[in-house]
Amino acid sequence: MDEGEPAERGAHHVQSLERGLAVIRAFSAEAPHPTLSEVARATGLTRAAARRFLLTLVDLGYVRTDGKYFTLTARVLDLGYAYLSSMSLSEVAQPHLERLSAAVRESSSVSVLEVPDIVYIARVAVSRIMTVSINVGTRFPAYATSMGHVLLADMSRAELEAYFIVADLDRLTDHTLTDRALLKAELARVAEQGWAMVDQELEEGLRSVAAPIHGADGRVVAAVNLSTHASRTTAEAVRADLVPPLLATAAAISDDLSSAGPTKAARG
């Protein structure tokens, strides 16, 4: 018996739950995007059993796949608020957001993708510019936000098609981009230029820009943004005055994640 192994398990023990949790734990800093075979080896399950558990997690939204590799999604946040509050990413990002907001005097945030939404994990509010309050844990539809555009732009073609299956592209304002073809074209442009701007698509008067945050493995793990009111800042001014410091902040957070080591980056 391995050290730490319980001497016996009661009748209450549910082996399938144990195995499902083992599959989730198979994702690690050393294997953030494992294949089916790697998960089977890590858990001691047969390939058939590991496949059933993985596809169930995909169905539930806790895992995504491109058909070969599997990746945890931010929906694991639903397993407990403690995960959110202990995320290294939010801890790393917060001081950068404070410096950025102090420098440009606009609200800044960091979010992760939990299809079909973005979820805020860090924020510095300079002023309230939306009709609703934004806090850690707040969700907005990804297709109508700058951070959502950045995160969706990093998806594979298969992942993006899967997103469109579950996302309701409702027209939230007269500016909301809801046509799939046009949205795909915009995401391609975002991927090429390295940042996104959404102009009053989520709420009238709200203009925001976002940039990707990369983990130690180079993948986009989150997005950082700046939000301003359209009445006081033109789109041209946003590009000239806000995008450069935003990109610098995204790079600084990414560098800190890399230098913190693979474990911290993966937790974030």
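Strand E7 (residues 206-214) and strand E8 (residues 220-229) sit side by side in the antiparallel sense, joined over 9 bridges. Strands here are DSSP runs of E with at least two residues, helices are runs of H or I with at least four, and both are numbered from the N terminus; two strands count as paired if DSSP finds at least two bridges between them. Within this pairing, Val 209 stands opposite Leu 226 in E8. The model is a predicted one, in which local features need pLDDT of at least 70 and side-chain atom pairs count only at pLDDT 80 or more, while totals for chains, interfaces and linings use all residues. Residues are numbered from 1 along each chain as its sequence is written, and side-chain values use heavy atoms, with hydrogens and water left out.

On its other side, E7 meets E6: the two run antiparallel and share 4 bridges, with Ala 196 opposite Ala 210 in E7. The hairpin of E6 and E7 has 6 residues between the strands, and Gln 200 takes a positive phi there, near 60 degrees.

Stepping back, these strands belong to an open, antiparallel sheet of 6 strands, ordered E5-E4-E3-E8-E7-E6. Its edges are strand E5 (139-141) and strand E6 (196-199), each of which pairs on one side only. From one strand to the next, the twist averages 30 degrees. Helix H5 (residues 88-104) lies across strand E3 (107-114), strand E4 (117-124), E7 and E8, and runs at about 65 degrees to E4. Contact here means heavy atoms within 4.5 Å, and axes are lines fitted to C-alpha atoms, for helices over the stretch in contact, with angles from 0 to 180 degrees between N-to-C directions.

The structure also holds 2 aromatic pairs. In one of them, the ring centres of Tyr 120 and Phe 140 are 5.9 Å apart and the planes stand at 80 degrees, so the pair is edge-to-face. (Rings of Phe, Tyr and Trp, the last by its six-membered ring, pair if their centres lie within 6.5 Å; planes under 30 degrees apart are stacked, over 60 edge-to-face, and the rest tilted.) This pair links distant parts of the chain, 20 residues apart, with Tyr 120 in strand E4 and Phe 140 in strand E5.
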